[in-house]
Amino acid sequence: MEENDKKNSRIFYLTLAVVLTVVAVIVIAITVARRNSPTDNTGIISSNNDVQNNDDLDASLGEENKLPVFSLPMEECTVDVDFSDTVLVFSPTMKDYRTHSGVDLTAELGEEVLAVADGTVTNVWQDPFMGTCVSIEHTGNAISYYKNLDPVVKEGIVIGASVKAGDVIGAVGESAMNEVAQDPHLHFELKVDNKHVDPKEHIKFPTPEINPSEKPDEKPDESQNNQ
């Protein structure tokens with residue numbers, strides 16, 4: 001009886017050893033197969049195409065965060081009233097002093113107003129103080145605003161419409177009650193990261209030419225008067 005127990009014990013341990021050996025071989029085979037696989041669960045890139053796709057994605061994300069090169073909102077325009085978010089400026093219409101969140105650009109009534117960069121129209125509305133307005137969203141988290149427009153904007157300028165730099169979006173009007181005492185002009189604003197910025201920091205506006213006859217008189221030479 002004791003002899004049979006010893007025999008059965010040897011068979012058990014032998015069987016156990018064989019099973020463990022088989023399991024070890026399987027585990028080693030799986031590990032080697034995973035190492036030789038072109039991809040694994042860690043997200044390792046397996047092909048040149050995947051590398052290219054990721055580069056394209058990074059480039060597109062970079063473009064989304066980059067401010068565009070802004071152009072003029074009209075073919076010919078000069079700044080009449082400057083941007084001023086801290087110093088109060090006098091309003092000839094309201095007869096008081098207030099901040100000015102954009103620039104007023106002199107123009108002829110009915111002059112075409114252009115998109116300053118590629119973008120998407122985010123709003124077209126009638127403001128009780130600034131009249132007919134259009135806003136366009138651009139890359140770099142920038143939004144341009146065009147106010148004091150003619151009540152009839154360009155056909156196709158609706159919320160969600162895509163525009164290119166230089167596309168006509170409307171015309172200069174006299175719809176802004178807050179600025180009705182001024183000469184015809186476009187009230188233009190620019191926001192970056194949801195904050196108003198001076199448009200002159202991003203757009204090179206022409207400076208008005210000064211007629212020599214309009215230059216202020218030179219200060220007399222006091223040394224000559226004292227002689």
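A contact here means heavy atoms within 4.5 Å. On that basis, residues 24 or more positions apart account for 66% of the contacts in the chain with a separation of 6 or more. The structure is a predicted model, and it is helpful to begin with its overall make-up. The chain holds three helices and 12 strands. Of its 227 residues, 28% count as buried. The accessible surface comes to about 15,600 Å², and carbon and sulfur atoms contribute 54% of that area.

How far the coordinates can be read is the next point to settle. The mean pLDDT of the chain is 80, with 64% of the residues at 70 or more. Two stretches fall below 50. One of them spans residues 39–48, where the pLDDT is below 50 and the model shows eight contacts beyond near neighbours in sequence. The other covers residues 222–227, again with pLDDT below 50, and here the model has one contact beyond near neighbours in sequence. Where pLDDT is low, the predicted coordinates should not be read in detail. Helix H3 is assigned to residues 222–225, and the stretch 222–227 has a pLDDT below 50, a point to keep in mind when viewing that end of the model.

Attention can now turn to the interior. In soluble globular proteins, nonpolar side chains tend to be buried together. In this model the largest nonpolar core has 29 residues, and Tyr146, Leu186 and Phe188 have the most contacts inside it. Four strands each supply at least two residues of this core: E4 (103–106), E7 (131–138), E8 (142–149) and E11 (185–192). Strand E11 gives the most, with four residues.

The loop that precedes strand E7 offers a local view of how separate parts of the chain meet. Phenylalanine 129 lies in this loop, between strand E6 (119–127) and E7. Leaving aside neighbours within four places in sequence, phenylalanine 129 is in contact with Ala176, Met177 and Asn178. The C-alpha atom of phenylalanine 129 is separated by 9.9 Å from that of lysine 147, a residue 18 positions away along the chain.

Some nonpolar side chains are found on the surface instead. Leu88, Phe90 and Tyr97 form a nonpolar patch there, with about 350 Å² of accessible area together. Phenylalanine 90 belongs to strand E2 (residues 84–91). Its relative accessibility is 43%, so phenylalanine 90 counts as partly exposed, as the value falls between the 20% limit for buried and the 50% limit for exposed.

Charged pairs give a further set of links. A search of the whole structure finds five salt bridges. One of them joins the side chains of lysine 200 and aspartate 82, at 2.9 Å from N to O. This pair links distant parts of the chain, the two residues being 118 residues apart. Lysine 200 sits in the loop between strand E12 (195–197) and helix H3, while aspartate 82 sits in the loop between strand E1 (78–81) and E2. Lysine 200 is partly exposed, with a relative accessible area of 34%, and aspartate 82 is likewise partly exposed, at 40%.

Lysine 200 also meets aspartate 198 in a salt bridge, with an N to O distance of 2.9 Å. Aspartate 198 has a relative accessibility of 14% and therefore counts as buried, this value being under 20%. Through these shared partners, Asp82, Asp198 and Lys200 are joined into one network. A further salt bridge, between the side chains of aspartate 96 and arginine 98, has an N to O distance of 2.8 Å. Aspartate 96 is partly exposed, with a relative accessible area of 25%, and arginine 98 is partly exposed at 29%.

Backbone geometry in the loop between E11 and E12 completes the picture. Aspartate 193 lies in this loop, and its phi is near 55°, a positive value in a residue other than glycine. Asparagine 194 is found in the loop between E11 and E12 as well, and has a positive phi of about 65° although it is not a glycine. With a relative accessibility of 52%, aspartate 193 counts as exposed because the value is over 50%. Asparagine 194, at 64% relative accessibility, also counts as exposed.

Methods
Residues are numbered from 1 along each chain as its sequence is written. Side-chain values use heavy atoms; hydrogens and water are left out. Buried means under 20% relative accessible area, exposed over 50%, partly exposed in between (1.4 Å probe, protein chains only). Accessible areas come from the Shrake-Rupley method with a 1.4 Å probe; for residues, only the protein chains shown count as cover. A nonpolar core is a set of buried Ala, Val, Leu, Ile, Met, Phe, Trp, Tyr and Cys residues joined through side-chain atoms within 4.5 Å. pLDDT is the predictor's confidence in each residue, from 0 to 100. Patches are made of residues with over 30% relative accessible area and no salt bridge: like charges are joined within 9 Å, nonpolar side chains (Val, Leu, Ile, Met, Phe, Trp, Tyr) within 5 Å. A salt bridge is a side-chain nitrogen of Lys or Arg within 4 Å of a carboxyl oxygen of Asp or Glu.
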